Amino acid sequence: MDLVAVEHFEASRNRLASLAYRLLGSAADAEDTVQDAFLRWQDADREYVDVPEAWLTKIVTNLAIDRLRSARVRHERSVGAWLPEPLLDGDPMLGPAETAVQRESVTLAVLLLMERLSPVERAVYVLREAFSHSHAEIAGILGITESASQQHAHRARRRIAAAGNETGTDQAAARRIVEAFVAAATSGRTERLVALLTDDATGVSDGALGLAGTLIRYSTPARLAAAVRIGFTPTPAKHELVGGSPSIHAAVVNRCPAMLFTLDDRVLGVAILEIRDGKIAGVGSVSAQARLGRLTERWRQRPHDAPLIESW
């Protein structure tokens, strides 16, 4: 492959990766999909590719749809233990963030809601809302009619409109929100936590170190607050499980305030807060190490603010 072709692909890599991540909810799968697209680009007769960016977008989108339809992915997500892979603020895979919809499309809540969509609906929503493609362009990418694209977009918007996260949180604002949450969680008083939550707040967790085997869901503010209070109470058994006494840091993850539990520069888990009307509408907790590799790598590469709790 000539150098110009390689440079053209590399110039598009971050955009393609952010597209694949929104479609798949997995950074590892997104990277594999982009690499597969690069191999297709190598083998393509590029003299007949009029608009390389459009060609690459089509290839990545359809490779991602094929992956969503694969038996492995369908099984992984049907057994009830799957959560999207969290990404630390500044990760290029998070992609465009100029509009509220672009920011919201990578929140944990929206990525989970997109699991209810068909692969084609998911692709239409992402291409239209996060990357501003016209319905004519989407029709060409997916091999459907413009009318079908419009219908898929309408259904997807209706299902995802329930999220309503406040995004665009900066590091300072995130720290204030997380400080209040941690203070309430460690106070031993459940009512302090409930006061921070919306009336319909819920939570989801993959369990301690991701070992639950199925997702644990908390369907009411009271249940969520009780689970958080218990989870934030340190015990010798918990310290033995994680191999020490971790620190708790404030961060921004998937455009939302979050807590990172770290030990020896390794992220043991992350709790992501969904904010609505100034209150916490949801808590998503990810601790499966297979889902935290990229976040840990980027955490190690950047300077850290002082921890909220030095030794939990």
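**Reading strands, turns and burial**

Visitor: Where does arginine 255 lie?
Guide: Arginine 255 lies in the loop between strand S3 (247-253) and strand S4 (256-263). Keep in mind that this is a predicted model.

Visitor: What sign does phi take at arginine 255?
Guide: Phi is positive there, about 70°, although arginine 255 is not a glycine.

Visitor: Does arginine 255 count as buried or exposed?
Guide: Start with the cut-offs: buried means under 20% relative accessible area, and exposed means over 50%. Arginine 255 has 12% relative accessibility, so it counts as buried.

Visitor: Aspartate 277 is not a glycine either; what is its phi?
Guide: Its phi is positive, about 55°. Aspartate 277 sits in the loop between S5 and S6.

Visitor: Is aspartate 277 buried or exposed?
Guide: Apply the cut-offs again. Relative accessibility is 68% at aspartate 277, so this residue counts as exposed. Set the two loop residues side by side: arginine 255 is buried, whereas aspartate 277 is exposed.

Visitor: How many residues lie between S5 and S6 in their hairpin?
Guide: Two. Aspartate 277, with its positive phi, is in that turn. Now look at the hairpin of S4 and S5. Two residues separate those strands as well, and aspartate 264 takes a positive phi near 55°.

Visitor: Let us turn to pairing. In which sense do S5 and S6 pair?
Guide: Read the sense first, then the bridges. Strand S5 (residues 266-276) pairs with S6 in the antiparallel sense, over seven bridges. For single positions, take leucine 273, whose bridge partner in S6 is valine 283. Valine 270 has valine 286 as its bridge partner in S6.

Visitor: In which sense do S4 and S5 pair?
Guide: They are antiparallel, with six bridges. Alanine 258 stands opposite isoleucine 272 in S5.

Visitor: And strand S1 with S6: parallel or antiparallel?
Guide: Parallel. Strand S1 (residues 197-205) meets S6 over five bridges. Valine 204 has glycine 284 as its bridge partner in S6. Put the pairings together: S6 has S1 as a parallel partner and S5 as an antiparallel one.

Visitor: How do side chains behave in a regular strand?
Guide: They alternate between the two faces of the sheet. Keep that idea in hand, then check burial strand by strand.

Visitor: How many residues of S6 are buried?
Guide: Six of the eight in strand S6 (residues 279-286), so this strand is mostly covered by the cut-off of under 20%. S5 is mostly covered too, with nine of its eleven residues buried.

Visitor: Which residues does threonine 262 touch?
Guide: Place the residue first: threonine 262 lies in strand S4. Its relative accessible area is 7%, so threonine 262 is buried. Leave out residues up to four places away in sequence, and threonine 262 touches Pro246, Ser247, His249, Val267, Leu268 and Trp299.

Visitor: Now a helix residue. In which helix is proline 52 found?
Guide: Helix H3, which covers residues 52-69. Neighbours within four places in sequence set aside, proline 52 is in contact with His8 and Trp41.

Visitor: How far apart in space are proline 52 and tryptophan 41?
Guide: They are 9.2 Å apart, C-alpha to C-alpha. In sequence, eleven residues separate these two.

Visitor: Zoom out. How many helices and strands are in the protein chain?
Guide: The count is 14 helices and six strands. The radius of gyration is 20 Å, close to the 20 Å from the globule rule for 312 residues, so the protein chain is as compact as a globular protein of that length. The C-alpha atoms fill a box of roughly 65 × 40 × 35 Å along the principal axes.

Visitor: What share of the residues in the protein chain is buried?
Guide: Buried residues are 49% of the 312. Then check the contacts. Of those between residues at least 6 apart in sequence, 68% join residues at least 24 apart.

Visitor: What area does the protein chain expose?
Guide: About 14100 Å², and 51% of that comes from carbon and sulfur atoms. For charge, count 36 positive and 39 negative side chains. The centres of those two sets lie 7 Å apart.

Note on methods:
Residues are numbered from 1 along each chain as its sequence is written. This is a predicted model: local features need pLDDT of at least 70, side-chain atom pairs count only at pLDDT 80 or more; totals for chains, interfaces and linings use all residues. Side-chain values use heavy atoms; hydrogens and water are left out. Helices (H or I, at least four residues) and strands (E, at least two) are DSSP runs, numbered from the N terminus. The radius of gyration is taken over C-alpha atoms; the globule rule is 2.2 Å times the number of residues to the power 0.38. Buried means under 20% relative accessible area, exposed over 50%, partly exposed in between (1.4 Å probe, protein chains only). Contact means heavy atoms within 4.5 Å. Accessible areas come from the Shrake-Rupley method with a 1.4 Å probe; for residues, only the protein chains shown count as cover. Lys and Arg count as positive and Asp and Glu as negative; His and the chain ends are not counted. The place of a charge is taken as NZ of Lys, CZ of Arg, CG of Asp or CD of Glu. Two strands pair if DSSP finds at least two bridges between them.
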